[in-house]
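Subject: Structure handover

Hello,

Here is the structure I promised to pass on. Please open it alongside this email, as my notes follow straight after.

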Amino acid sequence: MKKWFLRIALILGALSGIAFVVIWGGFRASLPQLEGTVSVTGINETVLLERDSDGNATITASSRNDLAYVSGFLHAQERFFQMDLSRRMAAGELSELFGTLALNADRENRIHRFRSRAVQAITMLSNTEKDLLNRYVQGVNDGLASLGSKPFEYWLLNTEPTPWKGEDTFLAVYAMFFTLQHSRGEFEWQNHLLRSSLPTELADFLLPSKTMWDAPLEPDEEPYRAPDIPSASLLSNSTPIALSRNDAPMLGSNNWAVTGELTETGAGMVSNDMHLSIRAPSIWYKLRMKLNDGSLDITGVSLPGAPAIVVGSNGAVAWGFTNTNIDTSDIIELRINPENENQYLTADGYKDFVTYNEIISIAGAVDEVYSVKETIWGPVMDMGDGKSYAYRWIAHVPDGVNLSLLKMEQVKSVDAALSIAGEMGIPAQNAMIVDKIGNAAWTIFGKIPARPDGDYGKIMDWSDGQAAWTNGYETKEYPRIINPQSNRLWTANARVVSGDALNKVGTGRYDLGARAKQIRDRLEALESPVKETDLYRIMLDSEAIFLARWQQQLSDVLRRTQDDAFRPFLERIENWSGFADKESVGYRLVKEYRDRVFETLMGNAVSACMAFDENCDYEGATKQWEAPLWQLVTERPAGWLPGGGDDWQFFFEQKAFEAWKPVLLGEIDLDDFTQGKNNISEIGHPLSSAVPLLSHLTDMPRVEQSGDTENLPYIAGRRRGQSERIVVSPGHEESGIMNLPAGQSGHPLSPYYGAGHEDWQEGNMTPFLPQQTKWMLEFQPSG
C-alpha cells in the first residue's frame, strides 16, 4: 500500500508539474513581441516600433494610417483586457464576462444604448477618419491574434476575447463620459430632493453657488458675501441621521499654464495631472508617434482603444485637460397621457414611447431581454418616486463622440486649437493650451448644450417645447481666455467663469475652489524665468492651507477643555507640520475632526431630506458645503445643534472624541495615527481581489502616501489620484516631465511591468520623451 501511495503521489506530482508548465507556458505566450520583424497586411510601408527600458513606445512610419495600425497593434498586445472592460462597461456588456455579478450595472448602463449610438456616430465621420479608424481596428485585431496565447485574464475567466470593432473605439470614449459626467443626473436629482424637502431659505443656505474659496479665471463682479444663517425653527423635527463622508478624491484634475513672458525660452508651458481611478496597469499609455517626413512628432498619453493622443505636445502646441463639471444634462419630468400610459406629451401632442429590446448576454445564465423606453429627448429613467422622467445628456447627441481630437496633432498655434474647441467629441474638458511662440489660453473642449433661457438647475417639464435643446454651441460661442495680464492660467474642477459665460455653461457639481486658489497663489508667487521643475513641484504641494483655520479652531477648543485626556492631542495639533505629510499625526487629527463635525451638523440640517427620500445625499448635491459648515462653526447659532442644545464646546469635544476614539480607547497608539496610515495606496489589477495569489503578481506595492483627497494640489487617495503628471513646453519636449503610475504593460511577466511606478509614487521627475531604445520591432508590409 505504501508503494501504491508513493506511486500515486509521484504521478499526481508529475501531472501537477506538467499542468504548471502548461499554464506557465500559456501565461508567457501572451507576452507581446518586443523585437524582430512582423509581416502584416495593414500597412503600406515599413514601420518601426521602439521601446525604452520602461516600455515607453515610439512609433515611426511614413503615413498616419500606418501609425494608426501599429498603435492599435501595440495597444492590443499590451492592454487588450483593459480595452475590453472599457467598451463593455459603456455598452452594458460586462455580464458576458462576469455573469450575474455585473447584471445590475449592465441594466443601468444599457439604457443609454451607447453601442447603437456609436454605430450611428461612425457614419458621421469623414472618409479620412473612417480609413484611419479602420486601420486602427485592424491593428488591434492583428495584435491580439499575434499573441502566442490569449491574454491571461481570459484564461482566468474561462472565456475568449472578442474582436475589436470600430464602434468599440467610440465606446472607450463613452466610458469616459460615465467616469467624468453624471449618467443619471445625480447632481440635479440630489438638488431636487433637497429643495423638495427643505424650506427654501434653508436649502439656499446649504446649497451655495459661491464661497470665499472661489478662484475663477474670470473674476466675479461682486465679491462673495456670507448669507445670514436661517433660523433653527426651519430645521426638521426628524431624528438626526449622521452623514457619512465620501472621502474618495473627486474624479477631475489640475492644470495650469504660463505664457512665454515668464519662461526662459519664450514658449508657453503647461502642467497637467488628471485625477482618476488608478489601477494596474495605468489607464493611460505613454506614446510618441512620428512621421518620416517630419510633418508629425507628437508625444503624450493615449487611451488604449483609441488612436489619438489625449494630452501632450505636438512640438508646436501642448495641452492638458481637467474635467469642467459644467452642466451637460437635464432630467425632464414627463406628462403621461392619462388615457394611454404608453404616451407622453410634447409640443406636437402626445407621442408613443419607442421601446428597444436589448439582449444582455450573461455568462453561465440565460440571456436577458431588457426593454429600454425612449422619448424624443432621451431614455426614460425610474428615479423611485413614482413619476416618469426622461434624461437629456450631451453624450446622446449624434456627434457627442467623434475623432476630432486627432486634429490636435497638426495645430500649430493656440488660435488654431481654439478654433476647433466645439468640434471635440469628448466629455467637456477645461483645455489648457500653450504654443511655442509663447501664447497660453483656456477654453472648453467638448460639447456644451445650447440651451434656451431658463433655470436648468431644476427639473422641468419640456412638453411645451420652450426648454428643449438639441445640440451644442458652435465654437465661436465658446468661452475663452487668452494671454491674461498675469500671464498665468489655472483650473482645478472648480468654477472657472462668471456672469454670462457661467449662464452659458451652467452650474454643475463644481469642486470647492480651495485647490484652485492654492494653485493660483503658487503660480503668482513664481518668479521669471519659470522652469518645468517649478510647475512640477506645485503638483506635489501638500500644504494644508485650507485646513489651517480648522487647526486653529480645534486648538482653541482643546485649550478650553477640562478633559485631561485631550492634552496629548493638543500638543500634536498645535505643533502640526501644516502639511498633509504621511508622517503627520496633527494633520490627520484635524482632518478627521472636521469630518465628524460635518457629518453631524449637516446630517441634522438635512434630516428632513433623508426622511423624505432615503437616497438623499447632501454631498452629491454640492461640494460647496464648507461655506455653511464653517459659518455654523464660527457663529454658533442657537438651536442648530442636534437635539436643540446650545453647548457648542461640548459638541466639539464630542466630535473630537468620535474622530479619535481608537486612540482614546487605546486601540491605536497616537504616534501611529498618521495621515500615511490613513492613506495607503491600493493600486491593483481589476481581477486581483477575486483570484487568490494574483495580487502578488499584478498589484503595486501598498505604501503610505502624503497628500490628501481634497482641497490641496497634491491629490492622492487609496485608489484614485494623479493618473499622470505632465509638464511640457512645446518645442522643448526634451526638458519636459512625465510620470505614470503602474507602468505601461498589462502583463505581470513583462520586463517593464510596473516600471516608473516608484518614481511616480516618490515624485521623482522622469523625462517626457521616451528614452534610449532597448527593444525594436520592425513591421513590414506583406504581399
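The second largest pocket is lined by 42 residues. Nearest its centre lie Asp-455, Tyr-456, Gly-457, Lys-458 and Thr-507. Please keep in mind that this is a predicted model. The space in this pocket comes to about 910 Å³. Two helices, H9 (186–197) and H12 (499–505), each supply at least two residues of the lining. H9 gives the largest share, with 6 residues. By residue class, the lining of the second largest pocket divides into 15 nonpolar, 13 polar and 14 charged.

Next, the enclosed spaces. There are 9 cavities of 30 Å³ or more. The largest cavity holds about 320 Å³ of space. It is lined by 24 residues, and the closest to its centre are Val-173, Leu-303, Val-310, Leu-405 and Ile-426. Which elements each supply at least two residues of that lining? They are helix H8 (166–180) and strands S4 (252–258), S5 (269–277) and S9 (317–323). H8 provides the largest share, 4 residues. The lining of the largest cavity divides into 16 nonpolar and 8 polar residues, with no charged ones. The pocket described above, in contrast, has 14 charged residues in its lining.

Now the sheet. It is open and has 11 strands. Their order is S1-S25-S2-S3-S6-S7-S8-S9-S18-S19-S20, and the pairing is mixed. Strands S1 (36–40) and S20 (480–482) stand at the edges. Each has a single partner strand, so one side of each is left without a neighbour in the sheet. From one strand to the next, the twist averages 25 degrees. S9 belongs to this sheet, and S9 also supplies at least two residues of the lining of the largest cavity.

Within the sheet, look at S2 (residues 47–51) and S3 (residues 57–61). These two strands run antiparallel and are joined by 4 bridges. One place to check the register is Leu-49, whose bridge partner in S3 is Ile-59. As general background, strands of a sheet pair through backbone hydrogen bonds, either parallel or antiparallel.

Helix H2 (residues 64–91) lies across six strands of the model, listed here by name: S1, S2, S3, S6 (285–291), S7 (297–302) and S25 (775–781). H2 runs at about 160 degrees to S6.

H2 also carries an aromatic pair. The structure holds 33 aromatic pairs. In one of them, the rings of Tyr-69 and Phe-73 have their centres 6.4 Å apart and their planes at 35 degrees, so the pair is tilted. Both residues lie in H2. They are 4 residues apart, about one turn of the helix.

Two hairpins come next, and they share a strand. S11 (residues 336–337) and S12 (residues 340–346) pair in the antiparallel sense over 2 bridges. Asn-337 stands opposite Asn-340 in S12. The S11 and S12 hairpin has 2 residues between its strands. S12 then runs antiparallel to S13 (residues 349–352), and 4 bridges join them. Here Thr-346 has Gly-349 in S13 as its bridge partner. This hairpin, from S12 to S13, also passes through 2 residues.

Finally, some backbone details. Where are the cis peptide bonds that I noted? One joins Ala-280 and Pro-281, with omega about 0 degrees. Pro-281 sits in the loop between S5 and S6. Another joins Ser-528 and Pro-529, with omega about 5 degrees. Pro-529 is in the loop between helix H13 (514–525) and helix H14 (532–539).

Asn-325 is worth a look as well. Its phi is near 60 degrees, a positive value in a residue other than glycine. Asn-325 lies in the loop between S9 and strand S10 (329–333).

That is the full handover.

Best wishes

Conventions: Residues numbered from 1 in each chain as written. Predicted model: local features only at pLDDT ≥ 70, side-chain atom pairs only at ≥ 80, totals over all residues. Heavy atoms only, no water. 1 Å grid on protein atoms, 1.4 Å probe; cavity = no way out; pocket = protein on both sides within 12 Å on 5 of 7 lines; lining within 4 Å. Points joined across faces, edges and corners; volume = space filled by probe spheres on them. Nonpolar A, V, L, I, M, F, W, Y, C, P; charged D, E, K, R; others polar. Pairing = 2+ DSSP bridges. Axes fitted to C-alpha atoms, helices over the stretch in contact; angles between N-to-C directions. Contact = heavy atoms within 4.5 Å. Phe/Tyr/Trp six-rings, centres within 6.5 Å; stacked < 30°, edge-to-face > 60°.
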